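This report describes how the strands of one protein model are arranged and how selected side chains meet. The reader is invited to keep the sequence and the structure in view throughout.

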Amino acid sequence: MIVPGSANALLLAQGASTGYNLTNSLRFRSSASAYMNRTPSSATNRKTWTWSAWIKRGSLGVLQTLFSAYNADSDSGYTEIRLLSTDTLVFSGFTTNWRITTQVFRDPASWYHIVVALDTTQATASNRIKMYVNGSEITSFGTSNNPSQNSDLAINLNATRSEEHTS
């Protein structure tokens, strides 16, 4: 179990080229167009969910999709978590960028633990989307929009395409 704030071999692996192979980990290279996908057999809760992943940047200054779900050309039918070519993190719908961080992620030697938590049932609009990197909540955004209360987004939708990939 990883205890927040404690020394951890994964976090200390910065710059190591060998000796830190992680069982069941995946590497996605843009040159291979690799991704994982899953289409749920039925829709589940689209108002509250949490997405979490450990990533290590392979390329900087390029658009990198970390996770997406697509069913329709609308904010309720498309959701994406990605790194922009500015090396900032974005959580977006089809036409709306819900959050774009001011923080940049430019260290290709470091692992980043990214968490996006959605709860559109929250009465306070600013509490509906929370983003964390390495256990710290991101509170500074260049863009900050909030979905309407009780909105459904595309995650957990019986989607045409749901993918997780990076390059």
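Two strands are said to pair if DSSP finds at least two bridges between them. The model discussed here is predicted. With four bridges between them, strand S4 (residues 78-83) and S5 meet that condition, and their pairing is antiparallel.

**Strand S5 and its two hairpins**

One of the bridges between S4 and S5 can be located by its residues: Glu80 has Ser92 in S5 as its bridge partner. The two strands form a hairpin, with four residues between them. Asp87 lies in this turn and has a positive phi of about 65 degrees.

Strand S5 also pairs with strand S6 (residues 97-104); these two run antiparallel and are joined by four bridges. Here Val90 has Ile100 in S6 as its bridge partner. S5 and S6 likewise form a hairpin, again with four residues between them.

Is strand S5 mostly covered or uncovered? The strand, which spans residues 88-92, is mostly covered, for five of its five residues are buried. Thr88, Val90 and Ser92 point one way from S5, while Leu89 and Phe91 point the other way. Residues on both sides of the strand are buried.

**The open sheet**

Four strands form an open sheet in the order S2-S7-S8-S9, with antiparallel pairing. Strand S2 (48-56) and strand S9 (136-137) stand at the edges; each has a single partner strand, and therefore one side of each is left without a neighbour in the sheet.

The partner of S2 is strand S7 (residues 111-119), to which S2 is joined by nine bridges in an antiparallel arrangement. Thr48, for example, has Asp119 in S7 as its bridge partner. Ala53 is also found in strand S2, and at 10% relative accessibility this residue counts as buried. The C-alpha atoms of Ala53 and Val115 are separated by 6.7 Å, although the two residues are 62 residues apart along the chain.

**The nonpolar core**

In soluble globular proteins, nonpolar side chains tend to be buried together. In this model, the largest nonpolar core has 25 residues. Those with the most contacts inside the core are Trp51, Leu66, Ile81, Leu89, Phe91 and Ile114. S2, strand S3 (64-70), S4, S5, S7 and strand S8 (129-133) each supply at least two residues of this core.

**Salt bridges**

How many salt bridges does the structure hold? There are five, and the table presents three of them, with the distance between N and O atoms.

| Salt bridge | N to O distance |
|---|---|
| Arg82 and Glu80 | 3.0 Å |
| Asp87 and Arg106 | 3.2 Å |
| Glu137 and Lys130 | 3.3 Å |

Asp87, already met in the turn between S4 and S5, forms its salt bridge with Arg106. Asp87 lies in the loop between S4 and S5 and Arg106 in the loop between S6 and S7, so the pair ties together parts that are 19 residues apart in sequence. Asp87 is buried, with a relative accessible area of 5%, whereas Arg106 is partly exposed at 49%. Arg57 belongs to a network of salt bridges with Asp87 and Arg106.

In the salt bridge between Arg82 and Glu80, the residues can be classed with one cut-off: buried means under 20% relative accessible area. Arg82 counts as buried because its relative accessibility is 18%. Glu80 is buried as well, with a relative accessible area of 7%.

The pair formed by Glu137 and Lys130 may be read in a similar way. Glu137 counts as partly exposed at 35% relative accessibility, and Lys130 is partly exposed with a relative accessible area of 22%.

**Ser151 and its surroundings**

Ser151 lies in the loop between strand S10 (141-144) and strand S11 (161-164). Is Ser151 buried or exposed? The residue is buried, with a relative accessible area of 18%. A polar atom of its side chain lies 2.7 Å from the backbone oxygen of Ser148. Leaving aside neighbours within four places in sequence, Ser151 is in contact with Arg46, Lys47 and Thr120.

Terms used:
Residues are numbered from 1 along each chain as its sequence is written. This is a predicted model: local features need pLDDT of at least 70, side-chain atom pairs count only at pLDDT 80 or more; totals for chains, interfaces and linings use all residues. Side-chain values use heavy atoms; hydrogens and water are left out. Buried means under 20% relative accessible area, exposed over 50%, partly exposed in between (1.4 Å probe, protein chains only). A salt bridge is a side-chain nitrogen of Lys or Arg within 4 Å of a carboxyl oxygen of Asp or Glu. A polar contact is a pair of N or O atoms within 3.5 Å; within protein, one must be able to donate a hydrogen and the other to accept it, and residues adjacent in sequence count only if both atoms are side-chain atoms. Contact means heavy atoms within 4.5 Å. A nonpolar core is a set of buried Ala, Val, Leu, Ile, Met, Phe, Trp, Tyr and Cys residues joined through side-chain atoms within 4.5 Å.
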